[in-house]
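Got your viewer open and a hand on the mouse? Let's take a walk, one selection at a time.

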Amino acid sequence: MNDALRSLLDLLDLEPIEQDIFRGQSRASVVPRVFGGQVAAQALVAAGRTVPAERPPHSLHAYFLRPGDPGAPIVYTVDRIRDGRSFTTRRVVAVQHGQPIFHLSASFQIPEEGLEHQELMPKAPDPLTLPTAAEMLPRYADRFVDPGVTKRLLDSRAAVDLRYVDAPPYGTVGEIREPRSQVWFRTNGSLDGAAQDADGGAGPARPLLDICLVTYVSDMTLLDSVLLAHGRGGWAVGDVVGASLDHAMWFHRPLRADDWLLYDQESPTAQCGRGLGKGRIFTADGQLAVTVIQEGVIRVPRD
């Protein structure tokens with residue numbers, strides 16, 4: 001496990017303040033606000049702290065309300081909406097400087113048997129044949145508006161080995177492509193022994209840890225497919241500005257965040273300054289583990 005992954009796990013280790021109230025730290029992002037995946041993952045950790053470990057999350061629905069301040073801690077308040085025989089529901093509000101910046105509803109379920117089917121995993125090359133971020137990003141450094149972007153991107157993704165199947169949006173600026181994107185990802189190191197007890201202020205236990213880490217990564221590339229449909233390179237290139245608006249995830253089958261996962265993404269529509277991204281996360285052996293949908297603000301800067 002490298003230092004960046006250990007730092008990310010520490011970020012998910014929320015401090016209990018009172019019953020159902022937790023404090024999370026923030027860290028600098030590649031943009032001057034808290035990374036949305038961090039807030040979503042921390043909120044899910046907070047919710048999970050109030051739920052028995054035998055009930056993993058099966059869905060979350062969230063809204064990003066205000067930009068987060070990376071220089072200030074975030075307070076997460078959990079409402080215990082319902083504790084049923086099979087399902088548990090929690091609502092979490094994240095607050096900074098006295099204002100809510102994020103709202104999450106999450107549902108947890110005791111695993112049970114039932115009807116089962118799934119979509120087939122799409123074709124994708126072996127992740128080990130694809131370039132790492134350290135190998136790929138310097139190729140496009142001359143396209144970024146800020147010469148420091150390459151280092152900030154590498155630093156922000158050092159905890160995760162994320163590899164694009166095809167060139168990212170900033171690699172083909174001006175070229176209109178099919179609104180589809182694929183990345184393989186896994187944590188940069190094994191998580192064996194990393195999970196702790198969920199009691200007493202410790203970090204999340206597995207399988208919650210894996211789900212929270214996947215939630216963190218799910219916000220990194222989901223809107224890429226929107227940009228590809230219009231030949232845009234993204235905020236790093238400076239030809240669009242944007243932010244996540246809402247985020248929904250459904251957790252179908254068990255996964256391990258330290259094993260390779262294929263994130264297959266597409267955009268069915270963009271309009272009114274907003275773009276929609278849909279993603280499916282498959283395990284390496286073809287199991288559909290997660291479905292993700294996100295809408296974001298994507299605006300072309302005015303002259």
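In which strand does Ser-59 lie? Select Ser-59 and you will land in strand β3. One thing to know before going on: this is a predicted model. At 7% relative accessibility, Ser-59 counts as buried, because buried means under 20%. Now show what is around Ser-59. Leaving aside neighbours within four places in sequence, Ser-59 is in contact with Ser-105, Ala-106 and Ser-107, and also with Met-249, Trp-250 and Phe-251.

**Along β3**

Next, select Ala-62, which also lies in strand β3. Is Ala-62 buried or exposed? Ala-62 counts as buried, at 2% relative accessibility. Residues up to four places away in sequence don't count here; beyond them, Ala-62 touches Phe-102, His-103 and Leu-104, along with Leu-245, Asp-246 and His-247. Try a distance label too: the C-alpha atoms of Ala-62 and Gly-242 are separated by 17 Å, and these two residues are 180 residues apart along the chain.

**Into the loop after β3**

Now pick Arg-66. You'll find Arg-66 in the loop between β3 (57-64) and β4 (74-83). How does Arg-66 count in terms of exposure? With 37% relative accessibility, Arg-66 counts as partly exposed. Leaving out residues up to four places away in sequence, Arg-66 touches Gln-99, Pro-100 and Ile-101. Add Arg-33 to your selection: Arg-33 and Arg-66 are 33 residues apart along the chain, and 9.6 Å separates their C-alpha atoms.

**An exposed stop**

Jump to Glu-116, in the loop between β6 (99-109) and α3 (133-136). Glu-116 is exposed, with a relative accessible area of 64%. Put a distance label between the C-alpha atoms of Glu-116 and Pro-57 and it should read 18 Å, for a pair 59 residues apart in sequence.

**Into the core**

Time to go inside. Which residues have the most contacts inside the largest nonpolar core? Select Tyr-76, Phe-102, Phe-144, Phe-185, Val-214 and Val-290: these have the most contacts within that core, which has 69 residues. Zoom in on Phe-144. Not counting neighbours within four places in sequence, Phe-144 is in contact with Leu-137, Val-149, Thr-150, Leu-153, Tyr-170, Ala-236 and Val-237. Apart from the largest core lies another one, of 7 residues, among them Val-165, Trp-184, Leu-262 and Phe-282.

**A covered helix**

Now select residues 208-218, which make up helix α5. How many of the residues of α5 are buried? The count is 11 of 11, so colour the whole helix as covered. The buried residues in α5 include Leu-208, Cys-212, Val-214 and Tyr-216.

**Three backbone oddities**

A bit of background first: most residues other than glycine have a negative phi, and most peptide bonds are trans. Keep that in mind for the next three picks.

- Arg-206 and Pro-207: a cis peptide bond joins them, with omega at about 10°. Pro-207 is found in the loop between β8 (180-187) and α5.
- Asp-20: this residue has a positive phi of about 65° although it is not a glycine. Look for Asp-20 in the loop between β1 (15-18) and β2 (21-24). Asp-20 is buried, at 12% relative accessible area.
- His-97: here phi is positive as well, at about 50°, although His-97 is not a glycine. His-97 lies in the loop between β5 (87-96) and β6, and counts as exposed at 62% relative accessibility.

**Zoom out**

Clear your selections and show the whole chain as a cartoon. How many helices and strands does the protein chain have? The secondary structure comes to 6 helices and 12 strands. The radius of gyration is 19 Å, close to the 19 Å that the globule rule gives for 303 residues, so the chain is as compact as a globular protein of that length. Along its principal axes, the C-alpha trace spans about 55 × 45 × 40 Å.

Of the 303 residues, 49% count as buried. Among contacts with a separation of 6 or more, 73% are between residues 24 or more positions apart.

Last, switch on the surface. The protein chain exposes about 14,200 Å², and carbon and sulfur atoms supply 51% of that. Colour by charge and you can pick out 31 positive and 38 negative charges, whose mean positions are 4 Å apart.

Technical notes: Residues numbered from 1 in each chain as written. Predicted model: local features only at pLDDT ≥ 70, side-chain atom pairs only at ≥ 80, totals over all residues. Heavy atoms only, no water. Core = buried A, V, L, I, M, F, W, Y, C linked by side-chain atoms within 4.5 Å. Buried < 20%, exposed > 50% of the residue type's maximum accessible area, 1.4 Å probe, protein only. Contact = heavy atoms within 4.5 Å. Helix = DSSP H or I, 4+ residues; strand = E, 2+ residues; numbered from the N terminus. Rg over C-alpha atoms; globule rule 2.2 N^0.38 Å. Areas by Shrake-Rupley, 256 points an atom, 1.4 Å probe, with all protein chains shown as cover. Lys, Arg positive; Asp, Glu negative; His and termini not counted. Charge placed at Lys NZ, Arg CZ, Asp CG, Glu CD.
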